[in-house]
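Colleague: Hello! I am new to reading protein models, and I would like to go through one with you. Could we take it feature by feature?

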Amino acid sequence: MSNVLVVAEHLHGKFPKTTLIAIAAGKALAGKTGGKAIAAVLGTGVDGLAAELASYGVDVVAVEGAQFEHYLADAYTGALAEILGSKGCATALATSTALGKDLMPRLAARLDAAFVADVSGIESADTFIRPMWAGNLFATVKVEGTPRVLTIRGTAFDAATKGGQGAVEKASVGAAGKMKFVEFLETKSDRPVLTEASIVCSGGRGLKSGDNFKTVLEPLCDALGAAMGASRAAVDAGFVPNDLQVGQTGKVVAPALYFAVGISGAIQHLAGMKDSKVIVAINKDEEAPIFQVADYGLVGDLFKAVPELTEEVKKLKAG
């Protein structure tokens, strides 16, 4: 057993960037195990997705079934356990998305396998690096025995690029769970997806209300073509929904440009954004911890500074 099984998450007939990150990690690990990277695509009407994924140089197992039309944890767990055994896979992995965090611990429990969460580095076939204590410490974890189950930190690897052509195999599995799909409540927005955006503007408790997110921060997001994020304090205060939360218990992002507006910079928030290429902080408290990681900092009233910045961005784009 030396192959690596990668869970290929998809939505609306497309692979998000997080899936391509998982593919890259799977190929990197397969290079160290001496096996192959095999991607599992579960769903209905997945032939096109399977063919696209094979163009990234991985073999693909496509599983069709009504029970996979929507994500159901027990059906997915059973199917992946079958595939892992039949394909000689020593390791199964997925990106640390909401789905990955829900699915992979279940799979590890089903297989009675070792589980390593939020892997940020691969040293060898059985040795991995993962952050601890909100990223202030990195642990090197050696896993004895197989199978192994991993989740991959979404900012730790570059997305896979197309190259090579893998084989596509259609497979059927006997997995059928007791869970039933009821409803999928999707948050829709014209802005970029938070975890994939090249620019992110996040607001904190300093914005004081949900209305100020709309009147102060949203115009800046729209001017920059940015995704909107928030600190946990803003989410807990009810200013914005929790799917915007960036941080240790929220989403991890690493955009080219990150604006922290009215965010003090608690260690839990830094854990979710400190890998950003350029960090800009706007806060009236000059002692705020966010300034310790910021590339550019502005000490001032955000209610004055952000609208002025928005207008300047609009002028530059118009010119």
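**Reading helices, sheets and loops**

Modeller: Gladly! Let us begin with helix α3 (residues 73–86) and helix α4 (residues 98–111), whose axes come within 9 Å and cross at roughly 55°. Please keep in mind that this is a predicted model.

Colleague: Thanks! How is a pair of packed helices described in general?

Modeller: Two packed helices are described by the angle between their axes and the distance between the axes. With a crossing angle of roughly 55°, α3 and α4 are therefore oblique to each other. The crossing of α3 past α4 is right-handed.

Colleague: Which residues of α3 and α4 meet?

Modeller: On the α3 side they are A73, D74, Y76, T77, G78, L80, A81 and L84, and on the α4 side D102, L103, R106, L107, R110 and L111. By class, the residues of this contact of α3 with α4 are eight nonpolar, two polar and four charged.

Colleague: Let me try another pair. How do the axes of α5 and α8 cross?

Modeller: Helix α5 (residues 210–224) and helix α8 (residues 302–318) have axes that come within 9 Å and cross at roughly 25°. Angles under 35 degrees count as roughly parallel, so that is the word for α5 and α8. Here α5 passes α8 in a left-handed crossing. The contact of α5 with α8 holds 11 nonpolar, two polar and three charged residues. Among the residues that meet are V216, L220 and L224 in α5, with F303, V306 and V313 in α8.

Colleague: Now for sheets. What should I know about side chains in a strand?

Modeller: In a regular strand the side chains alternate between the two faces of the sheet. One sheet in this model is open, has seven strands with parallel pairing, and follows the order β5-β9-β4-β1-β2-β3-β10.

Colleague: Which strands stand at the edges of that sheet?

Modeller: β5 and β10 (168–171) do; each has a single partner strand, so one side of each is left without a neighbour in the sheet. Ignoring direction, neighbouring strands of this sheet are turned by 25° against each other on average.

Colleague: How many bridges join β1 to β2?

Modeller: Four bridges join strand β1 (residues 3–7) to strand β2 (residues 37–43), and the two run parallel. To find the place by eye, look for L5, which stands opposite I38 in β2. Then look at α3 again: α3 packs on the sheet, touching β1, β2, β3 (59–64) and β4, and its direction makes about 150° with that of β2. Helix α1 (residues 17–33) lies across β1, β2, β4 (89–95) and β9, and runs at about 155° to β4.

Colleague: What is the strand order in the sheet of five strands?

Modeller: The order is β12-β11-β13-β14-β15, in an open sheet with parallel pairing. Its edge strands are β12 and β15 (296–299), each pairing on one side only. From one strand to the next, the twist averages 15°. Helix α8 comes back here: α8 packs on this sheet and touches β13 (257–261), β14 and β15.

Colleague: Do β7 and β8 run parallel or antiparallel?

Modeller: Antiparallel: six bridges join strand β7 (residues 127–132) to strand β8 (residues 137–142). P131 stands opposite F138 in β8. The hairpin of β7 and β8 has four residues between the strands, and W133 takes a positive phi near 50° there.

Colleague: Why is a positive phi worth pointing out?

Modeller: Most residues other than glycine have a negative phi, and most peptide bonds are trans. D118, not a glycine, has a positive phi of about 60°, and D118 sits in strand β5 (residues 114–119). K208 has a phi near 75°, in the loop between β11 (199–203) and α5. The peptide bond from T146 to P147 is cis, with omega near 0°, and P147 is in the loop between β8 and β9 (148–152).

Colleague: Is D118 buried or exposed? And is K208 buried or exposed?

Modeller: Buried means under 20% relative accessible area and exposed means over 50%. D118 has 18%, so D118 is buried; K208 has 56%, so K208 is exposed.

Note on methods. Residues numbered from 1 in each chain as written. Predicted model: local features only at pLDDT ≥ 70, side-chain atom pairs only at ≥ 80, totals over all residues. Heavy atoms only, no water. Pairing = 2+ DSSP bridges. Axes fitted to C-alpha atoms, helices over the stretch in contact; angles between N-to-C directions. Parallel < 35°, antiparallel > 145°, perpendicular 65-115°, else oblique. Left-handed = near helix turned anticlockwise from the far one by under 90°. Contact = heavy atoms within 4.5 Å. Nonpolar A, V, L, I, M, F, W, Y, C, P; charged D, E, K, R; others polar. Buried < 20%, exposed > 50% of the residue type's maximum accessible area, 1.4 Å probe, protein only.
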